[in-house]
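Visitor: I should like to be guided through this structure by questions. May we begin once it is displayed?

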Amino acid sequence: MPQDPTDRRVVVTGPPRRTRPLSRSRPRTEIDEQTTLGHTYVRSLMRSQLRAAFTVFAVLVLLVGPLPLVFASMGDSSSLEWIVLGFCVYPPLVLLARWYVRRADRNEKDFVRLVEDR
């Protein structure tokens with residue numbers, strides 16, 4: 001008996017309904033459970049924050065450190081000292097602080113992106 005084309009079976013395929021859990025552990029779990037890998041993640045964040053802090057400190061030492069020697073070599077010109085300290089040193093300090101805050105925020109955002117997305 002010939003089969004009618006309308007009586008044929010159609011097989012519909014799709015994504016599998018059952019999925020196995022991922023074998024990889026999430027970084028957030030690693031950090032919460034204080035495993036070696038979690039410790040490595042946190043140490044990486046701390047290292048990047050410390051690197052930014054040491055960079056700011058080095059620039060600050062190079063900027064402000066020589067000023068007492070410069071003032072001692074100039075003699076008694078206290079008005080010039082206050083001008084230098086008030087107007088010439090303050091803007092670079094503000095820019096340095098602004099750079100540090102932006103760098104620290106960027107480090108933290110990178111860490112969160114690493115922990116959340118993986």
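Visitor: How many residues does α2 have, and what distance does α2 reach from its first C-alpha to its last?

Guide: This is a predicted model, in which local features need pLDDT of at least 70, side-chain atom pairs count only at pLDDT 80 or more, and totals for chains, interfaces and linings use all residues. Residues are numbered from 1 along each chain as its sequence is written, and side-chain values use heavy atoms, with hydrogens and water left out. A helix is a DSSP run of H or I of at least four residues, a strand is a run of E of at least two, and both are numbered from the N terminus. The expected span is 1.5 Å times one less than the number of residues; for α2, 42 Å is expected, and its 29 residues reach a close value of 41 Å.

Visitor: Which elements make up the secondary structure of the protein chain?

Guide: From the N terminus on, the elements run α-α-α-α-α. The count is therefore five helices and zero strands.

Visitor: Which residues of α2 are buried, and against which helices do they pack?

Guide: Buried means under 20% relative accessible area, exposed means over 50%, and partly exposed lies in between (1.4 Å probe, protein chains only). By this rule G38, Y41, L45, S48, Q49, A52 and V56 are buried in α2. These buried residues pack against α1 (27-32) and α5.

Visitor: Is A52 buried or exposed, and what is its relative accessible area?

Guide: A52 lies in helix α2. Contact means heavy atoms within 4.5 Å, and, leaving aside neighbours within four places in sequence, A52 is in contact with W99, Y100, R103 and N107. Although A52 and W99 are 47 residues apart along the chain, their C-alpha atoms are separated by 9.3 Å. A52 counts as buried because its relative accessible area is 4%.

Visitor: Which residues are in contact with Q49, leaving aside its neighbours within four places in sequence?

Guide: Q49 is also found in helix α2. With a relative accessible area of 14%, Q49 is buried. Its contacts are Y100, A104, N107 and E108.

Visitor: Which helix gives the most to the nonpolar surface patch?

Guide: A patch is made of residues with over 30% relative accessible area and no salt bridge, joining like charges within 9 Å and nonpolar side chains (Val, Leu, Ile, Met, Phe, Trp, Tyr) within 5 Å. Here L50, F54, F57, L60, V61, L63, V64 and L93 make a nonpolar patch of about 650 Å², where areas come from the Shrake-Rupley method with a 1.4 Å probe and, for residues, only the protein chains shown count as cover. One of these residues, V61, is partly exposed at 41% relative accessibility. With seven residues, the helix that gives the most is α2 (residues 36-64).

Visitor: Which side chains meet in a salt bridge?

Guide: Side chains of opposite charge can pair when their charged atoms come close. A salt bridge is a side-chain nitrogen of Lys or Arg within 4 Å of a carboxyl oxygen of Asp or Glu, and a search of the whole structure finds one. Its partners are three residues apart in helix α5 (residues 90-116), so about one helical turn separates them. At 3.2 Å from N to O, the side chains are those of D110 and R113.
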